[in-house]
Amino acid sequence: MNTKAPATTRRAQILSEAARLFAERGFHGVGVDEIGAAVGISGPGLYRHFPGKDAMLAELLVGISERLLAAGRHRVAEASGDELLDALISGHIDFALDDRPLIVLHDRELDRLREEDRKLVRQLQRQYVELWVTAVREVHPALDEASARTTVHAVFGLLNSTPHLSPRASLPGRDQTAALLHRLARGAFEAAAG
């Protein structure tokens, strides 16, 4: 019986644990041995999957930017008007609540990426923002482009702040938190539109 995990599953497992550990202790506070131990392989065994920690960080940060953009494009293709804006908000809320380590990692470690990877992340993020700006202006046509873009960034700041809430804070359950965040995001766009 083969108990060895497929390479793609093992890579995903490694990346998930690396994201968690990097978010908890910082990129330089985690060694390959710790990442390996978290997934049940030796530290040097990680080199069969990644050339090093830098490659893991790049794959995590470029990967999440690619996934957000792809999901946003899918939502744009599937909905329009208020439904589109609600779909974009819901998708980003899912990211903010379910991929907390990646948000923390992005906030703390983006500058550690090689220049070409950092540029790629920024390029993907700009495209993602533009999807939102277009959707916001479709729902609120009187809102000028600069105001729409500013509001989109403000909403991202609101949603992406959720991983930074104190673990001791008495928060509602996931569904209630998602609903609250959705109302706050919609409220920000409505307030911007006046």
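The following legends describe close-up views of a predicted model.

**Figure 1. The largest pocket of the predicted model and the residues around its centre.** The volume of this pocket is about 410 Å³. Its lining comprises 21 residues, and those nearest the centre are H92, H106, Q125, F156 and N160. Helix 3 (53-78), helix 4 (81-98), helix 5 (100-109), helix 6 (115-139) and helix 7 (145-160) are the elements that each give two or more residues to this lining.

**Figure 2. Make-up of the lining of the largest pocket.** Helix 6 provides seven residues, the most that any element gives to the lining of the largest pocket. By class, the lining holds nine nonpolar, seven polar and five charged residues.

**Figure 3. The second largest pocket and its lining.** This pocket holds about 150 Å³ of space. Its lining consists of R20, A23, E24, R100, P101, V104, R108, P163 and H164. Two or more of these residues come from each of helix 1 (7-25) and helix 5. Helix 5 accounts for the largest share, with four residues. Four residues of this lining are nonpolar, one is polar and four are charged.

**Figure 4. The aromatic pair of Y128 and F156.** The whole structure contains five aromatic pairs. In one of them, Y128 and F156 are stacked, with 5.4 Å from centre to centre and 15 degrees between the planes. The pair joins distant parts of the chain, since Y128 belongs to helix 6 and F156 to helix 7, 28 residues apart. Y128 has a relative accessible area of 6% and F156 has 9%. Both rings belong to buried residues, because these values fall under the 20% cut-off. F156 is also among the residues nearest the centre of the largest pocket.

**Figure 5. The aromatic cluster that includes Y128 and F156.** Ring pairs connect Y128 and F156 with W132 and F189, and these four residues form a cluster. Within this cluster, the pair of Y128 and F156 is stacked.

**Figure 6. The charged end of R11 over the ring of F50.** In this view, an arginine side chain meets an aromatic ring. The charged end of R11 lies 4.1 Å from the centre of the F50 ring.

**Figure 7. The charged end of K53 over the ring of F27.** Here the charged end belongs to a lysine, K53, and the ring beneath it to F27. The distance from the charged end of K53 to the centre of the F27 ring is 4.5 Å.

Note on methods. Residues numbered from 1 in each chain as written. Predicted model: local features only at pLDDT ≥ 70, side-chain atom pairs only at ≥ 80, totals over all residues. Heavy atoms only, no water. 1 Å grid on protein atoms, 1.4 Å probe; cavity = no way out; pocket = protein on both sides within 12 Å on 5 of 7 lines; lining within 4 Å. Points joined across faces, edges and corners; volume = space filled by probe spheres on them. Nonpolar A, V, L, I, M, F, W, Y, C, P; charged D, E, K, R; others polar. Phe/Tyr/Trp six-rings, centres within 6.5 Å; stacked < 30°, edge-to-face > 60°. Buried < 20%, exposed > 50% of the residue type's maximum accessible area, 1.4 Å probe, protein only. Lys NZ or Arg CZ within 6 Å of the ring centre and 35° of its normal.
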